[in-house]
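Trainee: Please choose a single part of this model and look at it closely with me, atom by atom where that helps. I would like one connected account that then places this part in the rest of the chain.

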Amino acid sequence: MVRLTRRCTFILRPKAPYSFELTVRKPAGWNLFTPSEIYEGGALSTALHIDGRLVGLKLVSGGDTDSPRILATAVLEREPEPSLKRNLRRSLEDMLGTNEDLGGFYAMARRDSILRHTIDDLRGMHDTHPSDVFGSAILAVCLQMAPIKRSEAMMACIMARYGEEAEFEGERVRAWPLPGTISRLMPEELARVCRLGYRARRIVELANALLDGGFPTMEELARLPPEEAKEKLMELPGIGNYSADIVSPKAGFPIDVWSADVFGKLFYGKEPEDARAAVETIKAEGIRRWGKWSWMAFFYIAQDLENLSRKLGVQLRLQ
DNA sequence: GCGTCCAGGTCTACC
DNA sequence: GGTAGACCTGGACGC
C-alpha cells in the first residue's frame, strides 16, 4: 500500500453539455478507470498511473450539465514537479473528455430513430479515456469467452493480488498493475491464482510486449488515425478485432455475442439465431448506419438499454 | 449428484 | 487467404 499525501488541485471547465454524474459513473456500471474506484456522495475516488507515477484522484462536480465545472484533486507520493503538474491537467482533460464537443454527434442522433431517445435520456454524457493501455488490455482479455460474472471475478483477483493500492483522502483504491509487476510472473502461477485459464499466458505476454518499450501510450494512440491505432493494438498478443475496439474504441463498433443480440433486435427486430455468426454482419450494419459516430452510438445505446426497451417496445437483454 | 454445454475471442495448424 | 478446432473455468441445465 502506498500512502499519498502531496495534493494538487485543478478546476476543469468542460464543454457543455457535460453531465458529471453520467460521465464518471456510467448508467451501465462501466468504471471510469479501475474496477475498485469508489463513488459516494457525488464524489469519485479512483487511482491510476500517470507518467509512471501512482496518482490518487478525487473528482467532485462544481456545476451542472449546462455550466459544468469539475474540482479535481490529484494526490501523489512526492511533490509533483511543474512539468508533471501540466501533464496531470492535460491528462485529466483528455481522460474525462472535457474538450469533446457533443454537437456533431447529437445533430446526427436527432435524425436517427434509435439514438434520438438515448440523447434525451443521457444528455451530457461524455466518453472517457483510460490512460493505461495495459489496464484496458487486461479488461479486454478478461472479457473474452467468459460470462460477465466470471470476467469480473478474474479482474477483481488481478487487482487484489497485483494492483497497486493507493491510500489518500481517507480512501483506499487500487490501480491496475503495471506491466513490470505482471511480467515477473509465470503464466501458470497467474492462471492458478486468479483462475484465468488460457488468458494468463496472454496477459503475461501483453505485459512483456508493453514492457519492451516502443509501444505507443494511450495518448499517442489517440493522436493516430483511428484505423492505424487499431492496427497497432492488434499487433499485441491476445488483442484481436474485438479487444482492440475495447482498448481504443474510436474507430470501432465492438460487437460481441452479447451485443449482437441487442443490436440484432434494434436493426432487424429480432435476435439473430446464431449470435456468434452474426457478429460481422451486425458490425458492418452499425458502421454503415452511423459511420464515424459508430462508437458513440454503441456507447450511448449500451448505457440506455432499460429506457430504450421501454420506449421502443423491444426487450433488450440487460447484463 | 453427475455429465454436458457454452460463454461479451484469439490464435494456429491445416488446407 | 480462409477456416475449423483448441483453449480455462464455472454456472446453468437436464437427467
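Mentor: What follows starts at the DNA strand, goes on to the cysteines, and then widens to the rest of the chain.

This is a predicted model, so every distance and angle below should be read as a property of that prediction. The residues around DNA strand C are Arg 150, Arg 195, Gly 197, Tyr 198 and Arg 199. Of the atoms of DNA strand C that come within 4 Å of the protein, 74% belong to sugar and phosphate. Sorted by class, the residues of this surface are 3 charged, 1 polar and 1 nonpolar.

Three polar contacts can be described individually, each to another part of the nucleotide chemistry. At the phosphate, an oxygen of DNA strand C lies 3.3 Å from a side-chain N or O atom of Arg 195. At the sugar, or at a linking oxygen, DNA strand C is approached to 3.1 Å by a backbone N or O atom of Tyr 198. At the base, an oxygen of DNA strand C is 2.9 Å from an N or O atom in the side chain of Arg 199.

Arg 195 deserves a second look, beginning with its place in the loop between α8 and α9 (199-211). With a relative accessible area of 63%, Arg 195 counts as exposed, because the limit for that class is over 50%; the accessibility is computed on protein chains only, so the DNA does not enter into it. The backbone of Arg 195 also calls for a check, since its phi is positive, about 55°, although the residue is not a glycine. Most residues other than glycine have a negative phi. Met 145 is another residue of this kind, with a phi near 50°. Met 145 sits in the loop between α5 (133-143) and α6, and it is exposed, at 58% relative accessible area.

The sequence just before Arg 195 leads to the sulfur chemistry, where a search of the whole structure finds 1 disulfide. The bond joins Cys 157 to Cys 194, with 2.1 Å from S to S. A torsion of -75° about the S-S bond makes the link of Cys 157 and Cys 194 left-handed. Because Cys 157 belongs to helix α6 (residues 148-162) and Cys 194 to helix α8 (residues 187-194), the pair ties together parts that are 37 residues apart in sequence. Both Cys 157 and Cys 194 are buried. Cys 142, by contrast, is in no disulfide, and the nearest cysteine sulfur, that of Cys 194, is 8.5 Å away. Cys 142 is buried too, with a relative accessible area of 0%.

Turning to other parts of the chain, Ala 229 lies in helix α11 (residues 226-233) and is buried at 2% relative accessibility. Beyond its neighbours within four places in sequence, Ala 229 is in contact with Leu 221, Leu 224 and Ser 248. Ser 248 is found in the loop between α12 (241-247) and α13 (257-268); apart from residues up to four places away in sequence, it touches Ala 229 and Leu 233. With a relative accessible area of 15%, Ser 248 counts as buried, because the limit is under 20%.

Ser 294 is in helix α15 (residues 294-302) and is buried at 2% relative accessibility. A polar atom of the side chain of Ser 294 lies 2.6 Å from the backbone oxygen of Gly 291. Setting aside neighbours within four places in sequence, the contacts of Ser 294 are Gly 252, Phe 253, Gly 286 and Ile 287.

One further backbone feature is the cis peptide bond between Ala 16 and Pro 17, with omega about -5°. Pro 17 lies in the loop between β2 (6-12) and α1 (20-24).

These local details belong to a chain A of 16 helices and 8 strands. Its radius of gyration is 19 Å, close to the 20 Å that the globule rule gives for 319 residues, so chain A is as compact as a globular protein of that length. Of its 319 residues, 51% count as buried. Among the contacts in chain A with a separation of 6 or more, 66% are between residues 24 or more positions apart.

Conventions
Residues are numbered from 1 along each chain as its sequence is written. Chains are lettered from A and ligands numbered from 1 in the order in which they are written. This is a predicted model: local features need pLDDT of at least 70, side-chain atom pairs count only at pLDDT 80 or more; totals for chains, interfaces and linings use all residues. Side-chain values use heavy atoms; hydrogens and water are left out. A residue is near a molecule or strand if one of its heavy atoms lies within 4 Å of it. A polar contact is a pair of N or O atoms within 3.5 Å; within protein, one must be able to donate a hydrogen and the other to accept it, and residues adjacent in sequence count only if both atoms are side-chain atoms. Ala, Val, Leu, Ile, Met, Phe, Trp, Tyr, Cys and Pro count as nonpolar, Asp, Glu, Lys and Arg as charged, and the others, Gly among them, as polar. A disulfide is a pair of cysteine sulfur atoms within 2.5 Å. Helices (H or I, at least four residues) and strands (E, at least two) are DSSP runs, numbered from the N terminus. Buried means under 20% relative accessible area, exposed over 50%, partly exposed in between (1.4 Å probe, protein chains only). The radius of gyration is taken over C-alpha atoms; the globule rule is 2.2 Å times the number of residues to the power 0.38. Contact means heavy atoms within 4.5 Å.
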